[in-house]
Amino acid sequence: MPAPVSKNRAVSTCAVFKNQVGGHKVTTEEGGALMVLGLGLVAKPTGHGYWAGEDAFYHVIYTQADPLLNWCPTYHGTRVITGRKHVVMEDLTHGMRRPCVVDIKVGTCTVAPGATWPKRVSHLLKDRQTTSRSLGLRIIGIHQTAATVGGEAVVRDKTHGKRLRPAQVGTALRESFSVEGELCVGAVREFATQLEQLIGLLGGAPRWRLVSSSLLFVFEPSSSGTAPPQLRLIDFAHAYPLQAAGRPQRATDWAAGCRLQSAADHGCLYGMRNLLRLLRGLLASAAFGGGVGWVGFGWISWIGWIGCVPSSIT
């Protein structure tokens, strides 16, 4: 585990990270664009107010050697860039000739405990109007580097994911993990294995409630390189430690001071399990030489049709 870089060391300017998928492209209270800090390193601006907390999360899991640390981008401390505090982490696309990145938000509710009522209402409405509420997942963005120098990259932003209905998610995922029309079977198989392991960690030893966090999938087409596919959890402005069983004290919560119970993050796990089923459906469909087909999203169509979510995950 790398030691963090010097805290609060000021940096004047940095180049914008070109492989960013989700997040904000301009600096606001919520955050801003990722910056290239050095070879293999990127810097993410921390949020203010309601959006503060990501640097605290990384500091906690690093100092406590939390098992979740292995599922996050490697943490390298913080830096101040143009007057704004940034979290420094590894560039998961470093060394890839043709990186492909997919960002999928997980969880049935993206409302943090400290949200104001107007924000709470707007987020709940967005969750119900998208696949977040019904499936516990929403495609945030896709970025596939162009095949040739000067070529056009394949990019899909969060608007694409917001338009999807539950029955369309299977097809959208196949497109997300396909390059030039061909499903990257090796990458999808590895992602399914990694996702199953992550689900086991979060479900077996729950320590965090992750609100509005995402899964980041980084891979290369099989013909472009040998870098292994990597799955990481990202976006922790609203990550809250769960209160340990049998402990009466309040769990540390740097955003709202809310009391969190000793229970797994069911909304997040629901989305991850649905995503795992979909990835396995893509592999099964590919093995039979077909498209997405019923195996890929037929069961999703059923969920979308009844339009409900089990009460245990709300």
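# Strands, buried residues and a cavity in a predicted model

Strand 3 and strand 4 make a hairpin in which 2 residues lie between the strands, and glycine 40 in the turn has a positive phi of about 80°. The structure described here is a predicted model.

## The strands around the first hairpin

The two strands of this hairpin, strand 3 and strand 4, run antiparallel and are joined by 3 bridges. Within this pairing, glycine 38 stands opposite leucine 41 in strand 4. Strand 3 (residues 35–38) also pairs with strand 2 (residues 15–16), again in the antiparallel sense, over 2 bridges. Here alanine 15 has valine 36 of strand 3 as its bridge partner.

Strand 4 (residues 41–45) is in turn joined to strand 6 by 5 bridges, and these two strands run antiparallel. Alanine 43 is found opposite valine 88 in strand 6. Strand 6 has a further partner in strand 5 (residues 75–81), with which it pairs in the antiparallel sense over 5 bridges. Isoleucine 81 stands opposite arginine 84 in strand 6. Strand 5 and strand 6 form a hairpin as well, with 2 residues between them. In the turn of that hairpin, threonine 82 has a positive phi of about 50°.

The pairings are listed in the table.

| Strands | Sense | Bridges |
|---|---|---|
| Strand 2 and strand 3 | antiparallel | 2 bridges |
| Strand 3 and strand 4 | antiparallel | 3 bridges |
| Strand 4 and strand 6 | antiparallel | 5 bridges |
| Strand 5 and strand 6 | antiparallel | 5 bridges |

In a regular strand, side chains alternate between the two faces of the sheet. Strand 6 (residues 84–90) is mostly covered, as 6 of its 7 residues are buried.

## Positive phi in loops

Two loop residues also have a positive phi without being glycine. Alanine 65, with a phi of about 50°, is found in the loop between helix 1 (54–63) and strand 5. At 51% relative accessibility, alanine 65 counts as exposed, because the cut-off for that class is over 50%. Aspartate 235 has a phi near 70° and sits in the loop between strand 14 (230–234) and strand 15 (239–241). Its relative accessibility of 23% places aspartate 235 among the partly exposed residues.

## Buried positions in the helices

Helix 5 (residues 169–176) has 6 buried residues out of 8, so this helix is largely enclosed by the rest of the structure. Its buried residues are Val169, Gly170, Ala172, Leu173, Arg174 and Ser176.

Glutamine 194 belongs to helix 6 (residues 185–204). Is glutamine 194 buried or exposed? With a relative accessibility of 9%, glutamine 194 counts as buried, because buried means under 20%. Apart from neighbours within four places in sequence, glutamine 194 is in contact with Trp71, Pro229, Gln230 and Leu231. The C-alpha atoms of glutamine 194 and proline 229 are 9.6 Å apart in space, while the two residues are 35 residues apart in sequence.

## Cysteines without a bond

A disulfide is a covalent bond between the sulfur atoms of two cysteines. How many disulfides does the structure contain? The count comes to 0 disulfides. Cysteine 100 illustrates the point: its closest cysteine sulfur, in cysteine 184, is 6.1 Å away, which is too far for a bond because a disulfide requires the sulfur atoms to be within 2.5 Å. Cysteine 100 is buried, with 1% relative accessibility. Cysteine 72 is likewise buried, at a relative accessible area of 2%.

## The cavity

Rolling a probe the size of a water molecule over the atoms shows where empty space is left. The structure holds 1 cavity of 30 Å³ or more, and the largest cavity has about 30 Å³ of space. Which residues line the largest cavity? The lining consists of Leu202, Trp208, Leu210, Asp265, Cys268 and Leu269. Strand 12 (208–210) and helix 7 (266–287) are the elements that give two or more residues to this lining. By class, the lining of the largest cavity has 5 nonpolar residues, no polar residue and 1 charged residue.

Notes. Residues are numbered from 1 along each chain as its sequence is written. Side-chain values use heavy atoms; hydrogens and water are left out. On a 1 Å grid over the protein atoms alone, a cavity is a set of points where a 1.4 Å probe fits but cannot get out, and a pocket is an open set with protein on both sides within 12 Å along at least five of seven lines; lining residues have an atom within 4 Å of a point. Grid points are joined across faces, edges and corners, and a volume is the space filled by probe spheres set on the points. Helices (H or I, at least four residues) and strands (E, at least two) are DSSP runs, numbered from the N terminus. Ala, Val, Leu, Ile, Met, Phe, Trp, Tyr, Cys and Pro count as nonpolar, Asp, Glu, Lys and Arg as charged, and the others, Gly among them, as polar. Buried means under 20% relative accessible area, exposed over 50%, partly exposed in between (1.4 Å probe, protein chains only). Two strands pair if DSSP finds at least two bridges between them. Contact means heavy atoms within 4.5 Å.
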